[in-house]
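Student: I should like to go through this structure with you and learn how each term applied to it is justified.
Tutor: Certainly; let us look at it together.

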Amino acid sequence: MTEQTSRRVSTSDDIEVSTYLEIAKEKKGERSSPTQEPAPAEREAVVILDFGSQYSMLIARRVRECHVYCEMVPFDAPWERIAALKPKGFILSGGPASVYDEGAPLAPHEVFESHLPVLGICYGMQLLAHQLGGRVAKGVKREYGHAILHQNMSSSPLFADLPPTLPVWMSHGDHIVEAPPGFEVIAYTDNSPIAAMGNREGMIGLQFHPEVAHTPQGKTILKNFLYNVCGCKGAWTPGNFVSESIEKIRAKVCNGRVICALSGGVDSAVVASIIHQAVGDQLTCIFVNNGLLRREEAERTLSVFQRNLKMNVVYKDASERFLERLKGVIDPELKRKRIGEEFIKVFEEEAAKIGQVQFLAQGTLYPDIIESASSGRGAAATIKTHHNVGGLPKNMKLALIEPLRDLFKDEVREVGLALGMPEEMVFRQPFPGPGLAIRIMGEVTREKLDTLRAADWIVMNEIKKAKLYRDLWQSFAVLTSTRSVGVMGDDRTYGYVVAIRAVTSEDAMTADWARLPYDLLARISNRIVNEVPAANRVVYDISSKPPSTIEWE
Ligand code: XMP
């Protein structure tokens with residue numbers, strides 16, 4: 001381990017780590033019933049058919065927030081795949097198409113023949129009208145923005161516990177001029193006489209978007225659909241997720257051996273913890289230090305997993321190899337590529353030494369799956385190649401275990417808490433696989449890494465002291481390639497410009513620069529120019545994503 005990582009500073013985090021150890025020890029003794037909540041006999045699921053709306057993923061998040069398991073599938077997914085989920089209802093998402101487009105995507109007829117509840121949102125509502133005998137008119141003008149929804153006299157279970165008028169968010173071109181036979185108009189707005197409609201079978205159409213924050217009571221509307229119309233009970237909780245996963249992993253692994261790459265991040269930590277609780281020493285974690293980690297990162301990760309939790313961890317300090325591969329590399333994408341390739345090599349070498357391994361555990365999350373499985377209409381250009389360090393080796397002949405593949409990031413954190421992991425670990429801000437390499441502009445050198453580590457440590461320290469760490473999606477230092485003139489005492493200096501990046505975000509798809517208090521910025525700046533010899537100027541990055549990105553490279 002490098003000198004940097006072996007330096008130790010005591011912080012309040014250590015207390016939380018020891019609490020974790022106590023809980024983990026207790027759990028170790030309870031392998032046959034690891035959590036209090038029993039696994040539900042049958043998981044209740046709702047299927048979201050994705051027609052390509054930018055909000056589709058949000059619908060899934062909101063449904064999960066109501067503790068109902070859901071899966072989002074492309075609208076044209078094979079019916080057997082959908083039926084296998086035994087859905088209690090369907091949600092048809094919005095989408096950019098018009099039902100009048102040639103080859104417009106349609107909902108599978110089986111949805112309507114199933115006699116299960118269906119919630120059509122925006123384009124989904126237009127499909128209900130179009131496919132069930134109503135009439136959709138082509139919009140001349142898009143309706144976009146806030147609207148006030150008025151409920152009609154008839155009370156719908158969808159609006160239970162809600163006032164008669166509600167602010168809602170509209171974003172549509174076409175609109176419905178005639179509800180299909182058997183449907184009743186249940187709400188209207190000034191511009192949309194048919195803003196919500198429903199029939200006795202629990203088929204409901206909404207012209208507005210209940211999933212977005214601009215519809216403040218939207219979550220209650222979705223919850224009413226799930227609970228009052230589909231009859232879901234809300235059994236999707238982190239506790240029973242853990243017990244369900246443990247049972248599944250034990251059944252799959254039997255007496256086999258599992259390897260898992262630890263990155264120090266929350267996803268791989270949760271994966272390792274679940275698998276360890278399921279199969280104990282049959283799991284070996286591999287922790288590759290690529291030399292691009294933050295100060296103390298390697299030591300802390302090792303101490304929790306190896307020394308304290310007594311997990312089998314193979315630690316490989318490959319810093320030299322990575323630095324060698326990064327020599328002279330300036331292009332950000334080439335940096336990522338080299339780091340990714342080197343990681344695979346080191347990981348495979350270490351895995352080969354373990355031998356007799358049948359399973360590879362990875363921290364793949366639900367958004368990764370959706371991205372690759374979704375209908376993909378209007379696919380975005382590759383902005384950056386994101387290497388998930390936990391999931392690289394593709395040519396290893398190992399069966400995959402991906403216990404988090406159904407979860408969103410915030411659910412992973414909840415599961416982490418349910419596993420008894422310390423908040424410090426569970427609420428860690430995301431850290432990219434290529435690490436500090438993409439926060440150093442230009443060539444990565446040992447000297448620049450040391451400078452950035454020192455500056456980054458101060459940023460993290462001050463943000464934590466100001467109790468803002470958890471309010472921020474990410475906060476870190478960037479080492480620019482610009483040097484500027486300064487004066488220290490009587491001497492002229494010519495040092496690096498360090499940039500501070502702090503953003504708020506829900507999912508990293510969009511982000512806003514954090515309005516950090518000036519006093520805090522002043523403290524960070526003073527400390528950096530005084531404590532980091534190679535830096536003599538600090539700037540604050542006030543760009544949002546888009547058009548900028550969170551990381552600088
Ligand atoms: P950007 O910079 O694209 O980042 O706005 C969005 C989120 O992704 C993280 N990120 C990465 N994570 N490998 C990773 O594992 C990468 O190459 C990578 N690049 C960016 C970034 O930290 C942010 O949370």
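Student: Which residues touch the most other members of the largest nonpolar core?
Tutor: They are I259, V444, L516 and I528, in a core of 45 residues. Please keep in mind that this is a predicted model.

Student: What makes these residues a nonpolar core?
Tutor: A nonpolar core is a set of buried residues of certain types, Ile, Val and Leu among them, joined through side-chain atoms within 4.5 Å. I259, V444, L516 and I528 are members of such a set. In general, nonpolar side chains tend to be buried together in soluble globular proteins.

Student: Which elements give two or more residues to this core?
Tutor: They are β12 (258–262), β13 (283–289), α11 (319–326), α12 (332–354), α16 (446–465), β17 (474–488), β18 (491–504) and α17 (518–531). Helix α16 gives the most, with eight residues.

Student: Why is this core said to lie between two domains?
Tutor: Domain 1 (18–28 + 237–426) and domain 3 (440–540) both give residues to the core, so it lies between them.

Student: Which residues does I528 touch, beyond those up to four places away in sequence?
Tutor: I528 touches A455, I458, V459, V498, I500, A535 and V538. A second, separate core has 43 residues, including A45, F241, I249 and M421.

Student: How do you know whether F322 is buried or exposed?
Tutor: Its relative accessible area is 1%. Buried means under 20%, so F322 is buried. F322 lies in helix α11. Across the protein chain, buried residues make up 55% of the 553 residues.

Student: With which residues is F322 in contact, leaving aside neighbours within four places in sequence?
Tutor: The partners are V288, N290, I339, E342, F343 and V346. To take one of them, I339 is 17 residues from F322 in sequence, with a C-alpha to C-alpha separation of 6.6 Å.

Student: What is the strand order of the open sheet of nine strands?
Tutor: The order is β2-β1-β3-β4-β11-β10-β9-β6-β7, and the pairing is mixed.

Student: Why are β2 (69–74) and β7 (165–172) called edge strands?
Tutor: Each of them pairs on one side only. Between neighbouring strands of this sheet, the average turn is 25°, direction ignored.

Student: How do you know that β1 and β2 pair?
Tutor: Two strands pair if there are at least two bridges between them. Six bridges join β1 (residues 45–50) to β2, and the two strands run parallel, so the criterion of at least two is met. Among the bridge partners, I48 is matched with M72, and V46 with C70.

Student: Why is β2 described as largely enclosed by the rest of the structure?
Tutor: Six of its six residues are buried, so the description applies. Both faces of β2 are covered: Y69, E71 and V73 are buried on one side, as are C70, M72 and P74 on the other.

Student: What handedness does the β-α-β unit of β1, helix α3 and β2 have?
Tutor: This unit, in which α3 spans residues 56–65, is right-handed.

Student: Which strands does helix α6 (residues 123–131) lie across?
Tutor: Helix α6 lies across β3 (87–92), β4 (118–121), β7, β10 (196–198) and β11 (203–206), and runs at about 115° to β4.

Key
Residues are numbered from 1 along each chain as its sequence is written. This is a predicted model: local features need pLDDT of at least 70, side-chain atom pairs count only at pLDDT 80 or more; totals for chains, interfaces and linings use all residues. Side-chain values use heavy atoms; hydrogens and water are left out. Helices (H or I, at least four residues) and strands (E, at least two) are DSSP runs, numbered from the N terminus. Axes are lines fitted to C-alpha atoms, for helices over the stretch in contact, and angles run from 0 to 180 degrees between N-to-C directions. Contact means heavy atoms within 4.5 Å. Buried means under 20% relative accessible area, exposed over 50%, partly exposed in between (1.4 Å probe, protein chains only). Domain bounds come from an automatic or database domain assignment. A crossover is right-handed if, with the strands pointing away from the viewer, the path from the first strand over the helix to the second runs clockwise.
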